[in-house]
Amino acid sequence: MRSSKAARKLVQEFVPRETISPTPNCTRWFPGHMSKGLKRMQMMVRATDCVLEIHDARIPYTSRNMIANNSYGDKPRILVLSKADLVPREELDAACRRITALQSIPVVPLVNSVQKLSRLRRVVKDGISMAHADQLIAKKDSYLFFVSGLPNSGKSSFINAFKKEYDTSPNKLRVGPDPGVTRNISNKVKILTYPNVYIFDTPGVNLPHPESTEAAMKLAVVGAIPHKFPGHVETVDYLLYWLNRKGQFRYAGQCGLAGPTNNVHEVLAYFARARGILDDNGAPRIVNAAETFLRAFNKGQFGKIMLEDL
């Protein structure tokens, strides 16, 4: 095992890739339920008072869905950046300032796991206050909010946090690590009293054609597009490019590597052995290792990182 001095030397001498050419076959993932959901969203948004856009803080620019945005008309909006605890604080603050300055949309960061209801209440009340300030709605006793965002962005988790307190129904909105869990626009869910606030959960809607192959790869890394579309190994390779570029080398220790590397096959072979992901002959099961590697990343096990340039 290398000494800490030798390990530091490897890190200091390591040169990450400056560019990467992502796989070109991942630019379309638009299941039928998304198309139906988008059409219904466009009709239902007219009856709502405010739109909450919930997006992954690790890709705050890429994850803005312009098809859905163009459906909102003049409705007041708040951008909620979920999974904010997976991003370095200084980068998160910079992204919030940039979005607010460029698009005049209030931005509220929320953490990935358990969030205090007081913080969630503030998000909803901010939406009401903004609607009043813009004179788009009059003060009243009941409001309807619309939740929108990409697949696997945390929309249903946001609503379920309120349902624990305000809804006595045992049924929760389904959540999961894979995109496309919410397939239909749900019934109204009461999330606040005084004033009464109801909210819709919508299926995550991806662009039929992401603006670039690189944008599609970012969506795949965070789970908004299934990993199998670009390919599991290709998705890990793209993630490895960003981890190295941002100087986040925690993955090397978890793989049992001496130091960082640009070789995705080396990373996955070591990772498979470290996690016991082997076939009957003791050989690494690379695709399974890639899936496990991506799930580990999305749980924050490789450190905090934003997959965007500020």
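This report covers the fold, the nonpolar cores and the salt bridges of a predicted model.

The model is predicted, so local features need pLDDT of at least 70 and side-chain atom pairs count only at pLDDT 80 or more, while totals for chains, interfaces and linings use all residues. Residues are numbered from 1 along each chain as its sequence is written, and side-chain values use heavy atoms, with hydrogens and water left out.

## Overall make-up

The protein has eleven helices and six strands. Helices (H or I, at least four residues) and strands (E, at least two) are DSSP runs, numbered from the N terminus. Of the 310 residues, 52% are buried. Buried means under 20% relative accessible area, exposed means over 50%, and partly exposed lies in between (1.4 Å probe, protein chains only).

The protein exposes about 15000 Å². Carbon and sulfur atoms supply 49% of that area. Accessible areas come from the Shrake-Rupley method with a 1.4 Å probe; for residues, only the protein chains shown count as cover.

Contacts are pairs with heavy atoms within 4.5 Å. Among contacts between residues at least 6 apart in sequence, 72% join residues at least 24 apart.

## Nonpolar cores

A nonpolar core is a set of buried Ala, Val, Leu, Ile, Met, Phe, Trp, Tyr and Cys residues joined through side-chain atoms within 4.5 Å. In soluble globular proteins, nonpolar side chains tend to be buried together.

The largest core has 40 residues. Tyr251 and Phe293 have the most contacts inside it. Five helices each supply at least two of its residues: H7 (213–221), H8 (232–245), H9 (250–255), H10 (264–275) and H11 (286–298). Helix H8 gives the most, with eight residues.

Phenylalanine 293 touches Val236, Leu239, Leu243, Tyr251, Cys255, Val267, Leu268, Phe271 and Phe302. That list leaves out residues up to four places away in sequence. A second, separate core has 24 residues, among them Cys50, Ile159, Phe162 and Val197.

Two cysteines named here are buried. Cysteine 50 has 1% relative accessibility. Cysteine 255 has 2%. A disulfide is a pair of cysteine sulfur atoms within 2.5 Å. The count by this rule is zero.

## Salt bridges

A salt bridge is a side-chain nitrogen of Lys or Arg within 4 Å of a carboxyl oxygen of Asp or Glu. The protein has ten by this rule. Three of them are listed below.

| Acid | Base | N to O distance |
|---|---|---|
| Glutamate 13 | Lysine 9 | 2.4 Å |
| Glutamate 53 | Arginine 77 | 3.3 Å |
| Aspartate 56 | Lysine 83 | 3.9 Å |

Glutamate 13 and lysine 9 both belong to helix H1 (residues 4–13). They are four residues apart, so about one helical turn separates them. Lysine 9 is partly exposed, at 46% relative accessible area.

The bridge between arginine 77 and glutamate 53 links distant parts of the chain. Arginine 77 lies in strand E2 (residues 77–82). Glutamate 53 lies in strand E1 (residues 50–56), and the two residues are 24 apart. Arginine 77 is buried, at 19% relative accessible area. Glutamate 53 is buried too, at 1%. Their side chains also make a polar contact (3.3 Å). A polar contact is a pair of N or O atoms within 3.5 Å; within protein, one must be able to donate a hydrogen and the other to accept it, and residues adjacent in sequence count only if both atoms are side-chain atoms.

How far apart in sequence are the parts tied together by aspartate 56 and lysine 83? They are 27 residues apart, because aspartate 56 sits in strand E1 and lysine 83 in the loop between E2 and helix H4 (89–103). Aspartate 56 is buried, at 4% relative accessibility. Lysine 83 is buried as well, at 11%. Asp56, Arg58 and Lys83 are linked in a network of salt bridges.

## Two loop residues

Most residues other than glycine have a negative phi, and most peptide bonds are trans. Lysine 83 has a positive phi of about 60°, although it is not a glycine.

Arginine 46 lies in the loop between helix H2 (32–44) and strand E1. Is arginine 46 buried or exposed? Arginine 46 is exposed, with a relative accessible area of 67%. Arginine 46 and phenylalanine 146 are 100 residues apart in sequence. In space, their C-alpha atoms are 9.9 Å apart.
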